[in-house]
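Thank you for coming; I would like to walk through one structure with you this morning. Please have the sequence and the coordinates open while I talk.

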Amino acid sequence: MADSAKQARWKRSVILTCAVLGSSAGVAMAQQGASAAKDAPQPPAAAPAQTRDANASVVIYDGGLTPGWKDIGWAPRELPKSAPARVRMYNHGGWILYQPKLTGAYGALTFRFTAPEAHGEFLDVRLDAPGATVFPHVRISPEFIVKKDNEWAEVVVPMEVLNPRSAPFDRVVLRASKDVSRDWVLFDKVALVPLSPDIAAARAAGGGRAGRGAGRESKMVIDCAAPSRPISPLIYGIALDGNRETQDTHQWKLGATIRRWGGNPTSRYNWKLGRAWNTGNDWYFRNVQLGFGADDFLESNRKHNLQSALTLPLIGWVAKDTSSVGFPVSTFGPQQAVDETEPAGGNGMRRDGTPLPPGPPTATSVQAPPEFISEWVRSLREADARRGGARGVHMYILDNEPALWNSTHRDVHPEPLTYDELLKRTIDYGTVVRRADPEAVIAGPAEWGWTNYFWSAADFAPGRPPYTDRRAHGDVALLPWYLRSLRDHEKKTGVRVLDVVDVHFYPQSNVGVGVEGGTDPDTNARRIRSTRALWDPTYKDESWIGEPIQLIPRVKQWIAENYPGRGLSIGEYNFGALKHMSGGLAQAEALGRFGQQGLTSAFFWQYPPENSPTFWAFRAYRDFDGKGGRFQDVSLPTAAPEGTSLFASRDASGKKLTAVLLNFDPEQAAQAQLEFKGCGTLNTVRVLGYSGAPGGFTEQATGTKAEQALSQRLPPYSITVLDLTVK
């Protein structure tokens, strides 16, 4: 990734249904229960407040009322000693538990109850307080019942549902929302509790919410009868992080299938020195000693059963040692920014911000002509042969973002890249790679983004008229011209130097990269929407680009028109806010689209933090249950309404289906109504869900199942995996 230069160019738990009791007497009843409510005992004028640890649970009733709590209400009831409370809830009966001057913040109301089966869903729960504050009525439905123990139901109602405005309250009201029989309803273990650590962590990541009610109905379809397409396993790629390669181990837990040796410094990697490259303008144009080399990278991938994609330098210069700097202060004098590491090196800019002319490339580098790369490729294949022949490199990438060389590596390549130079270097270096490894998969040009799909660096060079390079090449956009020229070269020489078209993609709509990026509601929504630029011809990019990008269809069309048969890879991409659910949802969406759209490969930049939402987005497809459960190998056509996504897959037998469902709404649940067309009869259904907790996916209650349909609740801001078999 070209950091500074690129950024400069990118302007760039059973639950109680809450009754609404809003008067100062704390009563506002449905019509049938109004008179009973008027006669309900009122709270005493004062009572001692219960003191507590702010983070402790407050037990209200556990085999009896706890000190400080009062029992009022209009329903007949008995509170036997050391036993559950018994309440007759006919005539819309209600029970109120009250403590004056109740203080503290809570995460949820919990309790257990048992009622006659004939009551059905009858229980309503709410909070109340003196004054005009109106609290929501919450119907206790299956979504709030976390456990059934014989006849007892354990209920957890999140405070966000009971008290969305975090208003002060001093009583809990449990009431029948409809007329029921005079049979006893038993309650026990009523408590106000803090959020569990997992839920608290999920909330911090923007998720962990239950959402109110059944959720908006979302009709979805998985069509097993329509044409399907294979999913390339290489879309689950990640990249080397040169700063953390010898430290992190969680990258091996993602389920990634291929790893890319790439980024700016790899343009200047000297394979003969083994552990030397130049950092370019990422870090003061400094040659450095790495704690690892390309051979170590390849060996780590082999050890962890990942394929390897290796960036080959085409720039013509690589680091000559591990100490030289491109703009030493001793030679160039004071600069705008200086790295004091000896020898001190600057950023190559005068204090007024103007660029310094670079010295000779030999100050930091040695020449790396095509033969230098050919020798490297031959040595890699010879090493493969010594290990028994298994291929060590599965894709060679022709350098990294060459249109930015005149900024990222301007100490050795100060002039902007032209159409002709890009083509010549591709042919010269690609040809020697093909000769050294005839079965190689070669990818390029690894360009950074939107402008360099259409124009060369020379088209924007200071001091030159704009677009002159493109106009000199028939006014044809760079990528189509590049592809057509390579097609013509193959026809003429019989040498194929390109197998996969590699482009990079970063949203330009100010959503961030890596862990950076805003997490306010607007940015979160825009981050998720920005994924539409990958595929949707109706999505107008919300950035300076201001038009549909439709990257995958666009480049596929260019390939079809100019050099048919090439694959398509997204060599770098990232949606920012990796530790937030919006980042995780964007990643899950992208991985689903990659399979649906038939990409050859894709490489996340670089890999997400351990147990972050983006980490678990990968695991949704690669190991959702920690036991190897994964998305299958054939993509099925799907349909889902706005605000949701559905991606579906099957195995070769057609009997195993896996689906990933996304709810992009941060507040409202969705009730997915899935129709399975031509898939057979649903046999087994396992549901796993994730909403931001660091522990990842957990098994969820299965919704209502029919032979060819399933109704499944999708919590707000959630990733849900359906692990299915059909017969």
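Asn611 sits in the loop between E28 and H16, and I start there in this predicted model with its backbone, since phi of Asn611 is near 60 degrees, a positive value in a residue other than glycine. Most residues other than glycine have a negative phi, and most peptide bonds are trans. As for its surroundings, Asn611 counts as partly exposed, because its relative accessibility is 31%. Gln606 is found in that loop between E28 and H16 as well, and the peptide bond leading from Trp605 to Gln606 is cis, with omega near -10 degrees.

On one side of this loop comes helix H16, residues 613–622, which is mostly covered, ten of its ten residues being buried. The buried residues include Phe615, Trp616, Phe618 and Tyr621, but also Arg619 and Arg622.

On the other side is strand E28, residues 601–604, which runs parallel to E27 and is joined to it by three bridges. One of the pairs to look for is Ile570 with Ala602, its bridge partner in E28. Between the two strands the chain passes from E27 through helix H15, residues 581–597, to E28, and this β-α-β crossover is right-handed. E27 also has strand E26, residues 500–505, running parallel to it, with six bridges between them, and here His504 stands opposite Glu572.

How many of the residues of strand E27 are buried? Seven of the seven, across residues 567–573, so the strand is largely enclosed by the rest of the structure. Ile570 gives a sense of that packing: leaving aside neighbours within four places in sequence, it is in contact with, among others, Val503, Phe505, Leu534, Leu551, Phe594 and Phe603. Ile570 is also listed with Leu534, Phe594 and Ile719 as having the most contacts inside the largest nonpolar core, which has 111 residues. The largest share of this core, eight residues, comes from helix H9, residues 419–436. A second, separate core of 40 residues includes Leu102, Phe113, Leu123 and Phe135.

Elsewhere there is an open sheet of five strands, with mixed pairing and the order E30-E13-E33-E37-E36. Its edge strands are E30, at 638–639, and E36, at 704–705, each of which pairs on one side only. Within that sheet, strand E13, residues 216–223, runs parallel to strand E33, residues 670–677, and eight bridges join them; Met220, for instance, stands opposite Leu674 in E33.

A few single residues deserve a moment. Asp339, in strand E21, residues 338–339, counts as buried because its relative accessible area is 8%, and its side chain makes a polar contact with the side chain of Trp283 at 3.2 Å. A further cis peptide bond joins Gly444 and Pro445, with omega about 0 degrees, and Pro445 is found in strand E25, residues 442–447. Ser82, in the loop between strands E3 and E4, has a positive phi near 55 degrees and is exposed, with a relative accessible area of 63%.

Let me end on confidence. The protein chain averages a pLDDT of 91, and 92% of the residues score at least 70, but over residues 2–54 the pLDDT stays under 50. Where pLDDT is low, the predicted coordinates should not be read in detail.

How values were computed
Residues are numbered from 1 along each chain as its sequence is written. This is a predicted model: local features need pLDDT of at least 70, side-chain atom pairs count only at pLDDT 80 or more; totals for chains, interfaces and linings use all residues. Side-chain values use heavy atoms; hydrogens and water are left out. pLDDT is the predictor's confidence in each residue, from 0 to 100. Contact means heavy atoms within 4.5 Å. Two strands pair if DSSP finds at least two bridges between them. Helices (H or I, at least four residues) and strands (E, at least two) are DSSP runs, numbered from the N terminus. Buried means under 20% relative accessible area, exposed over 50%, partly exposed in between (1.4 Å probe, protein chains only). A polar contact is a pair of N or O atoms within 3.5 Å; within protein, one must be able to donate a hydrogen and the other to accept it, and residues adjacent in sequence count only if both atoms are side-chain atoms. A nonpolar core is a set of buried Ala, Val, Leu, Ile, Met, Phe, Trp, Tyr and Cys residues joined through side-chain atoms within 4.5 Å. A crossover is right-handed if, with the strands pointing away from the viewer, the path from the first strand over the helix to the second runs clockwise.
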